[in-house]
Every structure is written in structure tokens, then in C-alpha cells.
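Here are my notes on the model you sent, set out as numbered points. They begin with the chain as a whole and then move to individual strands and residues.

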Amino acid sequence: MNKQELRQHIRALKSQFTDEELVGLSRPIIERLLAHPAIVCAGTILMYHSLPDEVFTHEAINRLVSDGKHVLLPRVIDGENIELRIYKTPDDLRRGAFGIMEPSGTLFRDYAAIDVAVIPGMSFDSSCNRLGRGKGYYDRFLAQTPDVFKVGVCFDFQKMPIIPASEHDIRMDVVI
């Protein structure tokens, strides 16, 4: 399958589940994520505020903040780029691009201080390649942060043996 066909295939798989079922399927993934040594040791973590069809991160974000972690969330700023904002409470969220709840906290630019980036994807493969939604936001951002430890998260049904990857696609360090 090419990238677009694989995205359609994954969307069809996701559509077989209700939002509530996906939240339930997210719990063991999030528990493994929060127990991962890279997360446990991290001081500054880039997370994402999940869409209904993604691994549910809302509670995990708040747990990380309560554990004393500095949590960053991305915000779409134009057709090609994201910026990072500091997240402290749910009051920091506003509806932004694509209907995504985005942070309105303080702008964060010290990319070298990010210990871990938790990244969603449409699909991941056994070599930690990631297929995103097709806009390239994360690939462009991650190209600016080559030393950050990258954790892809997905449901089991999103994992494929091999996915198409281009030279600009950023590979994850681990997929949970």
C-alpha cells in the first residue's frame, strides 16, 4: 500500500471502534508510556492533546504535570509549522486548527531542553517508521530536534510490518 491507501486502511480500522472503546484501549498503552524509563527520567516532555481517534492522552498529560514534569503541547501556527506551548492546566487549552484543542500557555523555544517527544501517528512499523496524517508537521519539527528521544504511540491495530517511508520521515526511537 502507498501512504494514502494505508491512511485510508487505518481510518477504516479505527472506525470500527467507538470513542469510548478507544479510550479503553488507550489505558494499557498510556500505563506503559508513563512507566517507560525515558518518561520517568524526563524533566521536559512534548505530548499531544489527543483527537478522538488517537491514543487518549488527556489524563496522562495532567498526571505528568502533577508529577512535576514540564509538559509542552504543539499548536499549529500555519500550513506547515507548529510551535510549542507550556501546558499547566486544562484552562490552557483553546480550540485551534482542525478543531484540535491547543495550548494557549507561554511559548516554548528551548528545544534542546526537551527530553522526550511523544508523537501520534496513523501507523508505525517494526523499524519504528511513522506514518502521520500527511501534513508533515511533526517531521518538520522533529528535524529541528535531532537529539530528543522520540516515542511513537498507537493502538495495536495501527502497527504494520512495513510502512512506506521517505527520507524526510523521522523515525521514532521506540513505539508503544
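1. This is a predicted model, and everything below should be read with that in mind. The protein chain exposes about 8900 Å², and carbon and sulfur atoms supply 52% of that area. Buried residues make up 48% of the 176 residues in the chain.

2. On overall form, the protein chain holds 5 helices and 12 strands. Its radius of gyration is 15 Å, close to the 16 Å that the globule rule gives for 176 residues, so the chain is as compact as a globular protein of that length. Along the principal axes, the C-alpha trace spans about 40 × 35 × 30 Å. Of the contacts with a separation of 6 or more, 67% are accounted for by residues 24 or more positions apart.

3. On charge, the chain carries 21 positive and 24 negative charges, and the mean positions of these two sets are 2 Å apart.

4. One open sheet has 7 strands, with mixed pairing and the order E6-E3-E2-E1-E7-E10-E12. Strand E6 (107-108) and strand E12 (174-175) stand at the edges, and each has a single partner strand, so one side of each is left without a neighbour in the sheet. At the E6 edge, strand E3 (residues 82-87) runs antiparallel to E6 and is joined to it by 2 bridges, with Arg85 standing opposite Leu107 in E6.

5. Which residues of strand E7 point one way, and which the other? Val116, Val118 and Pro120 point one way from E7, whereas Ala117 and Ile119 point the other way, and all are buried. In a regular strand the side chains alternate between the two faces of the sheet. With 5 of the 5 residues of E7 (residues 116-120) buried, that is, under 20% relative accessible area, the strand is largely enclosed by the rest of the structure.

6. The pairing of E7 can be followed on both sides. Strand E1 (residues 44-46) runs parallel to E7 and is joined to it by 2 bridges, and the bridge partner of Ile45 in E7 is Val116. Strand E10 (residues 149-153) also runs parallel to E7, here with 5 bridges joining the two. Val116 has Phe149 as its bridge partner in E10, while Pro120 has Val153 as its bridge partner in that strand.

7. Strand E10 is itself mostly covered, since 4 of its 5 residues are buried. Beyond its pairing with E7, strand E10 pairs with E12 in the parallel sense over 2 bridges, and there the bridge partner of Val151 is Val174 in E12. This brings the description to E12, which stands at an edge of the sheet with a single partner strand.

8. A second open sheet is formed by 3 strands in the order E9-E8-E11, and its pairing is mixed. E9 and strand E11 (159-160) stand at the edges, each with a single partner strand, so one side of each is left without a neighbour in the sheet. E8 and E9 pair in the antiparallel sense over 2 bridges, and Ser123 stands opposite Leu131 in E9.

9. Cys128 deserves a look when you open the model. Where does Cys128 lie? Cys128 is placed in the loop between strand E8 (123-125) and strand E9 (130-131), and its phi is near 70 degrees, a positive value in a residue other than glycine. Most residues other than glycine have a negative phi. Is Cys128 buried or exposed? Cys128 has a relative accessible area of 16%, and the cut-off for a buried residue is under 20%, so Cys128 counts as buried.

10. A last point concerns Tyr137, which is placed in helix H5 (residues 137-143). With a relative accessible area of 11%, Tyr137 falls under the 20% cut-off and is therefore buried. Tyr137 and Val118 are 19 residues apart in sequence, and their C-alpha atoms are 14 Å apart in space; Val118 is one of the buried residues of strand E7.

Terms used
Residues numbered from 1 in each chain as written. Predicted model: local features only at pLDDT ≥ 70, side-chain atom pairs only at ≥ 80, totals over all residues. Heavy atoms only, no water. Rg over C-alpha atoms; globule rule 2.2 N^0.38 Å. Buried < 20%, exposed > 50% of the residue type's maximum accessible area, 1.4 Å probe, protein only. Contact = heavy atoms within 4.5 Å. Areas by Shrake-Rupley, 256 points an atom, 1.4 Å probe, with all protein chains shown as cover. Lys, Arg positive; Asp, Glu negative; His and termini not counted. Charge placed at Lys NZ, Arg CZ, Asp CG, Glu CD. Pairing = 2+ DSSP bridges.
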